[in-house]
Amino acid sequence: SEIDSVLSKLLLATSNSAIDFDSIIDANHKAGLPAIDVSPLQGKLLQLLVQISAAKRVLEIGTLGGYSTAWMATGLPEGGRVTTVEVNATHAGVAASNLKEAGLADRVTLRLGQAAKILDEMINDDVDPFDFVFIDADKPSGVTYFEAAMKLTRPGSVVVCDNVVRSGQILDLETDDPDVIGTQQLLRRIADEPRVCATAIQTVGQKGHDGFAIVRVNS
Ligand code: SAM
């Protein structure tokens, strides 16, 4: 929308970053990737949330071309790292090229494969807890990813889930859309989890009417 474009121009000027985020979107388009990255204002929100939570270890589930990865990587302090998981080799290849071009390759570990399998491996390997997790892959697997995130975080960690409003379709309890059903199951699972507190914010703009769930792990 026009308002979103104006806000993006005004607010993204405060990025304090040398990264040309638009060039990542252009490269994705040229490579034929679907335009399902977060919006610029959502990217900025992710960057801010990483900074506000002082996260050093970030986990992303669903890389695409690395657009949200780049926003989060630029919110990290010195020595911070994003581990991002992607199943599609073409998407991962474009992301690797974009992140290298942006000078962010040394802050990002890109893992190619099925997220559920890679997350299980991380749990079995007892990796250090992540401070911040962004869940943005296949929506029917949302509960699986949230449950893995609970095992891969610590009290005080933040988990953000994308696409929880879906143009209001989230309210349709009769839906047969697997993405909506997966998101409804995810929100119920978060609501039933006693170890977290959570909210959802709606976003309206260039990417339509959608939203983020924001979760704090309490214990
Ligand atoms: N976070 C990205 C951004 O904002 O720039 C957008 C991610 S896109 C919405 C979802 C990505 O998840 C796609 O690239 C897709 O290939 C990937 N994906 C889907 N199913 C997956 C799975 N089972 N394991 C890992 N990645 C998966």
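Strand 4 (residues 130-135) and strand 5 (residues 153-162) run parallel, joined by 5 bridges. One of the pairs links Ile135 to its bridge partner Cys161 in strand 5. The model is predicted. Below are the sheet, a helix pair and the ligand shell.

**The sheet**
- Strands 4 and 5 belong to an open sheet of 7 strands.
- The strand order is 3-2-1-4-5-7-6, and the pairing is mixed.
- Strand 3 (108-112) and strand 6 (196-205) stand at the edges. Each has a single partner strand, so one side of each is left without a neighbour in the sheet.
- From one strand to the next, the twist averages 15°.
- Helix 8 (residues 178-191) packs on the sheet and touches strand 5, strand 6 and strand 7 (208-217). The direction of helix 8 makes about 30° with that of strand 7.

**A helix pair**
- Two packed helices are described by the angle between their axes and the distance between the axes.
- For helix 1 (residues 2-12) and helix 3 (residues 40-52), the angle is about 35° and the axes are 9 Å apart.
- Helix 1 brings Asp4, Leu7, Ser8, Leu11 and Leu12 to the contact. Helix 3 meets them with Pro40, Leu41 and Lys44.
- The residues of this contact divide into 5 nonpolar, 1 polar and 2 charged.

**Around the ligand**
- The ligand has 18 residues around it. Asp37, Gly62, Tyr67, Ser68 and Ala115 come nearest.
- Helix 4 (67-73) and strand 2 (81-86) are the elements that give two or more residues to this shell.
- The shell residues divide into 8 nonpolar, 6 polar and 4 charged.

Key. Residues numbered from 1 in each chain as written. Predicted model: local features only at pLDDT ≥ 70, side-chain atom pairs only at ≥ 80, totals over all residues. Pairing = 2+ DSSP bridges. Helix = DSSP H or I, 4+ residues; strand = E, 2+ residues; numbered from the N terminus. Axes fitted to C-alpha atoms, helices over the stretch in contact; angles between N-to-C directions. Contact = placed C-beta atoms within 7 Å. Near = placed C-beta within 6 Å. Nonpolar A, V, L, I, M, F, W, Y, C, P; charged D, E, K, R; others polar.
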